[in-house]
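Welcome aboard! Have your viewer open and your selection tool handy, and we will walk through a few stops together.

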Amino acid sequence: MFDYQFEWKNPHAGKVYVTGNFDNWQKTNELEKQPDGTFKKVIPLPSNKEKIIYKFVVDGNWVIDNSMPIEDDGMGNQNNCFNIPVEVTEIVAAAAEEDLIQINKQEEQERIRLAEEERLKKEQEEQERIRLAEEERLKKEQEEQERIRLAEEERLKKEQEEQERIRLAEEERLKKEQEEQERIRLAEEERLKKEQEEQKLRMKQLEDIKKLLSEDNDIYTIRERNKSSSKQKPISRSINESLVIKKEQQVNESKTRYIVYGLTCIGILAVLIYILSTY
């Protein structure tokens, strides 16, 4: 590329465009009006063309500058033209070579950049792979720890349940043992109570027997007195005999009553002894 200044010298124009083979005749470059009335603009032109062909469009009319070189395009159209100077070509060639060197340098830099990016990408992928592998390892380790924790909790739970079962069984055993001891204590108290009642009954029987013996002695004493007083009056003797007979009847009744009472007590004691022997 090289810069070239186009100029239109008619100050009476409104708008002036320059177009040609450098912009495919698209009228993309409008000239700027200068203080002296002329229209000028510096436009970058391609250096790969041997000749620049152009034309001006002034207020919509396609015209040429008669002060500049003119050529016919072979179809009856006239255009301005000029050849690209040799020095421009050399400059362009040098610039092209410099551009080529620059392009090669840029391509090398781009290749190095892409290689570095590829290296960094692979390094990142490797780091990501290592990170994912580490996460997977940690995840498995956590799962294993969780499994061990749950197994330990299950073991402790079963152990606690077993201890609770043993405790309840021990409490039940102690409760039954206490109930058995209480039953034995109550049975022992009942036995002692019955023994005490039996002893009281025996004591009463002994007292009754002593009383009977005492009454027998009284009867014997009365009879002896009657014998010694056989010389008394008949009326007195008959009265004494009546008293003796009455006393004997009372004693016999008491004996009968005590015998029945004693037999009843003996029967009750036999039943109690049988009941106690069954425990």
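Before the first stop, one definition: two strands count as paired if DSSP finds at least two bridges between them. Keep in mind along the way that this is a predicted model.

**Stop 1: the sheet.** Select β1 and then strand β5, residues 39-45. The two run antiparallel, and seven bridges join them. For a single position to zoom in on, pick Q5, which stands opposite V42 in β5. Now add β4 to the selection: you have an open sheet of three strands, in the order β1-β5-β4, with antiparallel pairing. Which strands stand at the edges? They are β1 (2-8) and β4 (32-33); each has a single partner strand, so one side of each is left without a neighbour in the sheet. As a general reminder, strands of a sheet pair through backbone hydrogen bonds, either parallel or antiparallel.

**Stop 2: aromatic rings.** Show the side chains of Phe, Tyr and Trp, whose rings pair if their centres lie within 6.5 Å. By this rule there are eight aromatic pairs. Start with F6 and Y54, an edge-to-face pair with 4.9 Å from centre to centre and 75° between the planes. This pair links distant parts of the chain, since F6 belongs to strand β1 and Y54 to strand β6 (residues 51-58), 48 residues apart. Are these two rings' residues buried or exposed? F6 is buried, with a relative accessible area of 1%, and Y54 also counts as buried, at 1% relative accessibility.

Next, select W25 and W62. Their rings form a tilted pair, 6.5 Å centre to centre with 35° between the planes. W25 lies in the loop between β2 (16-20) and β3 (29-30), while W62 is in strand β7 (residues 61-63), so the pair ties together parts that are 37 residues apart in sequence. W25 counts as partly exposed at 34% relative accessibility, and W62 is partly exposed as well, with a relative accessible area of 42%.

Finish this stop by selecting Y4, F6, W8, F22, Y54, F56 and F82 together: they form one aromatic cluster. You will recognise F6 and Y54 from the edge-to-face pair.

**Stop 3: a helix position.** Move to helix α1, residues 86-228, and pick out A187. A187 is partly exposed, with a relative accessible area of 26%. Now add L276 and draw a distance between the two C-alpha atoms: A187 and L276 are 89 residues apart along the chain, and their C-alpha atoms are separated by 8.3 Å.

Terms used: Residues are numbered from 1 along each chain as its sequence is written. This is a predicted model: local features need pLDDT of at least 70, side-chain atom pairs count only at pLDDT 80 or more; totals for chains, interfaces and linings use all residues. Side-chain values use heavy atoms; hydrogens and water are left out. Helices (H or I, at least four residues) and strands (E, at least two) are DSSP runs, numbered from the N terminus. Buried means under 20% relative accessible area, exposed over 50%, partly exposed in between (1.4 Å probe, protein chains only). Rings of Phe, Tyr and Trp (its six-membered ring) pair if their centres lie within 6.5 Å; planes under 30 degrees apart count as stacked, over 60 as edge-to-face and the rest as tilted.
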